[in-house]
Amino acid sequence: MKKLLIASIVATLSMGVAMGANDLVKEGEKIFNTKKIGNCFACHAANGKKINGPGTLGPKLQGLAMWPEDALYDKVYDPYKTNPISAMPAFGKNGVLDDHQIKAVVAYLKTIK
């Protein structure tokens, strides 16, 4: 009985974490595709994602599921750290996106294969 209770608690907690992660992905997708917030689609297409009228200034995003989360976070926060001639705005450093919003974008980017 005790093992069943523990298993039930673990399953419930895992489900809550998964639902929270899914919500974060949805929030990140909204930021990615909203002109007044992230506007990422103005410069980027994303492999496997239907995006209405993606721009071509930035590279097509692909393989981001394999990137470490901290590397993606840093790229969105301040792309100039790794590429001083980047045309991408420093969304975090310039205060366009806050910490939570960047984490949401990263969660969405991690879904891009």
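# Close-up views of a predicted three-helix chain

**View 1. Thr56 is exposed in this predicted model.** Its relative accessible area is 74%. That value is over 50%, so Thr56 counts as exposed. Where does Thr56 sit? Its place is in the loop between helix H1 (2-33) and helix H2 (69-77).

**View 2. Thr56 meets Ala42 and Cys43.** Set aside the neighbours of Thr56 within four places in sequence. Thr56 is then in contact with Ala42 and Cys43. Now look at the pair Thr56 and Cys43. They are 13 residues apart in sequence. In space, their C-alpha atoms are 5.3 Å apart.

**View 3. Cys43 is partly exposed, whereas Cys40 is buried.** Cys43 has a relative accessibility of 25%. This lies between 20% and 50%, so Cys43 counts as partly exposed. Cys40 has 13% relative accessibility. That is under 20%, so Cys40 counts as buried.

**View 4. Cys40 and Cys43 do not form a disulfide.** How many disulfides does the structure hold? The count is zero. Why is Cys40 not bonded to Cys43? The closest cysteine sulfur to that of Cys40 is in Cys43, 8.6 Å away, and this is too far for a bond. A disulfide needs the two sulfur atoms within 2.5 Å. Seen from the other side, Cys43 is in no disulfide either, and its nearest cysteine sulfur is that of Cys40.

**View 5. Three helices and zero strands make up the elements of the chain.** From the N terminus on, the order is α-α-α. Helix H1 covers 2-33 and helix H2 covers 69-77, with Thr56 in the loop between them. The chain has 113 residues, and 29% of them are buried. The chain exposes about 7700 Å². Carbon and sulfur atoms supply 62% of that area. Now take the contacts between residues at least 6 apart in sequence. Of these, 47% join residues at least 24 apart.

**View 6. Confidence varies along the chain.** The mean pLDDT is 86, and 82% of the residues reach 70 or more. Over residues 2-19, however, the pLDDT is below 50. Beyond near neighbours in sequence, this stretch has zero contacts in the model. Where pLDDT is low, the predicted coordinates should not be read in detail.

Technical notes
Residues are numbered from 1 along each chain as its sequence is written. This is a predicted model: local features need pLDDT of at least 70, side-chain atom pairs count only at pLDDT 80 or more; totals for chains, interfaces and linings use all residues. Side-chain values use heavy atoms; hydrogens and water are left out. Helices (H or I, at least four residues) and strands (E, at least two) are DSSP runs, numbered from the N terminus. Buried means under 20% relative accessible area, exposed over 50%, partly exposed in between (1.4 Å probe, protein chains only). Contact means heavy atoms within 4.5 Å. Accessible areas come from the Shrake-Rupley method with a 1.4 Å probe; for residues, only the protein chains shown count as cover. pLDDT is the predictor's confidence in each residue, from 0 to 100.
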